[in-house]
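Colleague: Could you take me closely through one part of this model, the strand pairing around a single strand, and then set the ligand site and the cysteines beside it?

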Amino acid sequence: MVTSRTHAITLIPGDGIGPEVSAAVVRIVEAAGAATEVGFEWHRFAAGAEAFERFGEYIPQALYRSIEENKVALKGPVTTPVGGGFSSINVTLRQKFELFANFRPVKNLPGLKTRYPGIDLVIVRENTEDLYAGLEHEIVPGVVQSLKIITEKASTRIAEFAFAYARKHGRKKIHAIHKANIMKLSDGLFLRCCRGVAVTYPEVTYAEHIVDNTCMQLVMNPYQYDILLTENLYGDILSDLCSAFVGGLGLVPGANLGTECAIFEAVHGSAPDIAGKDLANPTALLQSAVLMLHHIQEKETAERIQAALEKVYEDGKVLTKDVGGTSGTTAFGDAVIAAMESV
Ligand code: NAI
């Protein structure tokens with residue numbers, strides 16, 4: 001293959017449906033790269049339970065080094081044990097590389113009938129602190145404390161990210177989502193930081209909604225929102241809710257962005273209920289790869305994939321079960337590759 005550029009990308013296939021969706025996405029990215037003369041060198045790493053079994057570490061040191069060197073990673077989901085066991089690999093990586101901005105665009109794909117047509121909103125979630133700092137301890141048997149950390153630095157940084165994104169992309173409105181009526185100090189600080197940044201972007205309308213009301217407002221009328229700017233926990237929950245507007249977790253991509261490195265991953269988890277059955281929809285990870293390609297300035301390759309993906313949805317013939325189709329992960333990947341010939 002003739003390539004004018006080659007990118008080294010750290011690849012974490014993950015577990016559950018991770019290996020299946022990653023395999024489909026790598027094939028599609030390779031095919032698009034071949035057509036646009038862009039090469040990819042995939043540096044593969046296990047993480048989580050699989051890595052512990054093989055190397056005695058949940059996150060191998062070599063994986064940290066690879067992300068440090070390559071600056072860009074594509075990551076499948078990694079299972080986190082519930083109520084005990086090792087800490088989330090996802091949260092650990094985000095904290096380690098200070099990937100402070102979790103960026104999640106929620107947009108309909110053409111041709112796919114969903115509960116709400118014409119959705120186009122963005123969730124900007126603070127990614128390094130809040131209750132996800134993982135500071136928990138048992139005070140006495142039967143009493144446990146979880147510490148919610150909110151800092152001026154991280155809150156201002158994420159607000160600045162959201163407003164700068166709005167300005168650059170012509171977005172009109174930002175809602176800061178909070179619970180400062182109850183958590184007056186922590187969420188109060190978050191809001192003060194958002195307000196401080198908002199006044200420096202007069203062209204962007206700024207509003208504040210309480211998170212529980214936001215859930216109701218979203219389901220009643222999601223069109224009132226443009227960018228949701230929020231803390232870590234609320235952002236996590238709202239992301240899954242918003243994914244349902246456009247067809248579910250199989251579709252919505254994400255980027256974890258820092259100043260040095262970036263890790264691109266879908267909103268969804270490892271989906272153990274459908275793992276290993278060729279049922280998973282690779283669209284969410286594929287759209288994460290498209291975000292990654294834009295990030296590394298490979299616009300043509302990104303647009304080629306997005307156009308092929310949209311064509312497959314418009315045709316509606318080869319779709320996975322979660323969006324009403326009967327095809328498997330592999331067949332869907334084949335269809336996207338075939339569609340590239342005609343875009
Ligand atoms: P999940 O996102 O894995 O699954 C929720 C539901 O959505 C399931 O019914 C699943 O089948 C469906 N689904 C998810 N992705 C899909 C896809 N690509 N195609 C078709 N259907 C899909 O959430 P759950 O079950 O709460 O979490 C499972 C595990 O994943 C947990 O250990 C959790 O900690 C982990 N997780 C990991 C994440 C990551 O690595 N970034 C993010 C979220 C959860």
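Modeller: What follows is a close look at strand E12 and its partners, with the ligand site, a hairpin and the cysteines taken up afterwards. Please keep in mind that this is a predicted model.

Strand E12 spans residues 262–265, and both of its faces are covered. On one side lie Ala262 and Phe264, on the other Ile263 and Glu265, and all of these residues are buried; Glu265 is thus named here among the buried residues, under the cut-off of 20% relative accessible area.

E12 pairs with strand E3, residues 72–75, in the parallel sense, and four bridges join the two. Within that pairing, Ala73 has Ile263 of E12 as its bridge partner. With strand E11, residues 255–257, E12 pairs in the antiparallel sense over three bridges, and here Phe264 of E12 stands opposite Ala255. The connection between E11 and E12 is a hairpin, which passes through four residues.

From E3, whose residues 72–75 pair with E12, one can turn to the ligand, since an oxygen atom of the ligand is placed 3.2 Å from an N or O atom in the side chain of Lys75. Polar backbone atoms also come into this picture: one of Thr80 is 2.9 Å from an oxygen atom of the ligand, and one of Gly269 is 2.7 Å from an oxygen atom of the ligand. On its own the ligand has 820 Å² of accessible area, of which the protein covers 70%. The surrounding shell has 21 residues, the closest being Val78, Thr80, Gly269, Ala271 and Asp273, and by class this shell has nine nonpolar, eight polar and four charged residues.

A second hairpin is formed by strands E6, residues 136–140, and E7, residues 143–146, which pair in the antiparallel sense over four bridges. Glu136 has Ser146 in E7 as its bridge partner, and two residues lie between the strands, with Gly142 in the turn having a positive phi of about 90°.

As for the cysteines, the count of disulfides comes to zero. Cys193 is in no disulfide, and the nearest cysteine sulfur, that of Cys194, is 6.9 Å away, whereas a disulfide would need the two sulfur atoms within 2.5 Å. Cys193 counts as buried at 7% relative accessibility. Cys194 is likewise in no disulfide, its nearest cysteine sulfur being that of Cys193 at 6.9 Å, and Cys194 is buried with a relative accessible area of 0%.

Terms used. Residues are numbered from 1 along each chain as its sequence is written. This is a predicted model: local features need pLDDT of at least 70, side-chain atom pairs count only at pLDDT 80 or more; totals for chains, interfaces and linings use all residues. Side-chain values use heavy atoms; hydrogens and water are left out. Two strands pair if DSSP finds at least two bridges between them. A residue is near a molecule or strand if one of its heavy atoms lies within 4 Å of it. A polar contact is a pair of N or O atoms within 3.5 Å; within protein, one must be able to donate a hydrogen and the other to accept it, and residues adjacent in sequence count only if both atoms are side-chain atoms. Accessible areas come from the Shrake-Rupley method with a 1.4 Å probe; for residues, only the protein chains shown count as cover. Ala, Val, Leu, Ile, Met, Phe, Trp, Tyr, Cys and Pro count as nonpolar, Asp, Glu, Lys and Arg as charged, and the others, Gly among them, as polar. Buried means under 20% relative accessible area, exposed over 50%, partly exposed in between (1.4 Å probe, protein chains only).
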